[in-house]
Amino acid sequence: MRIVVFSDSHGITTAMEAAIEQQKNAKLFIHLGDGLEEFRRLMKSYPNKEYWCVRGNCDYSSTEESTAVSWVKDVKILFTHGHHWNVKYDLDELKEEALDKQVQILLYGHTHCSHISYEDGIYIMNPGSISCPRDVSCPTYGIIDISGKNIVCNIVRMEDFRGW
């Protein structure tokens, strides 16, 4: 199963829409906050997909939780925007929460910088920003492929995207 992970779209839909078109086989799309309004609009355009989201610090009118835990098959995922977990300073608090919740995948946003690591049995991913990245010169998003007990995480750099 392919999962696409977005964060920090901040009102820009064009890169998210391009990513959805690139990933037509993906079953689940997750938005990690700061752009839920445009994410909800896109959800209506692709009704045959599954969508999860959490609110970010800029999603003022959202009633979504800022941190959530859910399952994809036998894989437990914790996903959050990250502002309540001080992710701009370090991941210690958030990693501790992930260990306490016994998740296999930890997703966070907020920093606008992509990150992938594997620590203490947990895949940790920040997809960066789909609209205004701080670490690269193009939008980024994450992909997670789950096949049985195998998990593969990648960051996609949209270097050819010109829809800014």
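This is a short talk on one helix, one pocket and the cysteines of the structure above.

Hi everyone, thanks for coming. Please keep in mind that what we have here is a predicted model.

Let's start with helix α3, which spans residues 92-101. Which of its residues are buried? They are Leu94, Glu97 and Ala98. If you look down the axis of α3, these buried residues fall within an arc of 100 degrees, so they line one face of the helix. And what do they pack against? Three strands: β5 at 75-80, β6 at 105-107 and β8 at 122-127. Have a look at the residue just after α3 as well, because there is a backbone detail there worth a click. Gln102 takes a positive phi of about 55 degrees.

Now, over to the largest pocket. Its volume is about 180 Å³, and 13 residues line it. Nearest the centre of the pocket you'll find Leu36, Glu37, Cys58, Asp59 and Tyr60. Sorted by class, the lining has 5 charged, 5 polar and 3 nonpolar residues.

Cys58 takes us nicely to the last topic, the cysteines. How many disulfides are there? The count is 0. For Cys58, the nearest cysteine sulfur belongs to Cys132 and is 9.3 Å away. Cys58 is also partly exposed, with a relative accessible area of 30%. Cys153, on the other hand, counts as buried, at 12% relative accessibility. Why is Cys153 not bonded to Cys113? The sulfur of Cys113 is the closest cysteine sulfur to that of Cys153, but they are 18 Å apart, so the distance is too far for a bond.

That's my tour, thank you!

How values were computed: Residues are numbered from 1 along each chain as its sequence is written. This is a predicted model: local features need pLDDT of at least 70, side-chain atom pairs count only at pLDDT 80 or more; totals for chains, interfaces and linings use all residues. Side-chain values use heavy atoms; hydrogens and water are left out. Buried means under 20% relative accessible area, exposed over 50%, partly exposed in between (1.4 Å probe, protein chains only). Helices (H or I, at least four residues) and strands (E, at least two) are DSSP runs, numbered from the N terminus. The arc is that of the directions from the helix axis to the C-beta atoms. Contact means heavy atoms within 4.5 Å. On a 1 Å grid over the protein atoms alone, a cavity is a set of points where a 1.4 Å probe fits but cannot get out, and a pocket is an open set with protein on both sides within 12 Å along at least five of seven lines; lining residues have an atom within 4 Å of a point. Grid points are joined across faces, edges and corners, and a volume is the space filled by probe spheres set on the points. Ala, Val, Leu, Ile, Met, Phe, Trp, Tyr, Cys and Pro count as nonpolar, Asp, Glu, Lys and Arg as charged, and the others, Gly among them, as polar. A disulfide is a pair of cysteine sulfur atoms within 2.5 Å.
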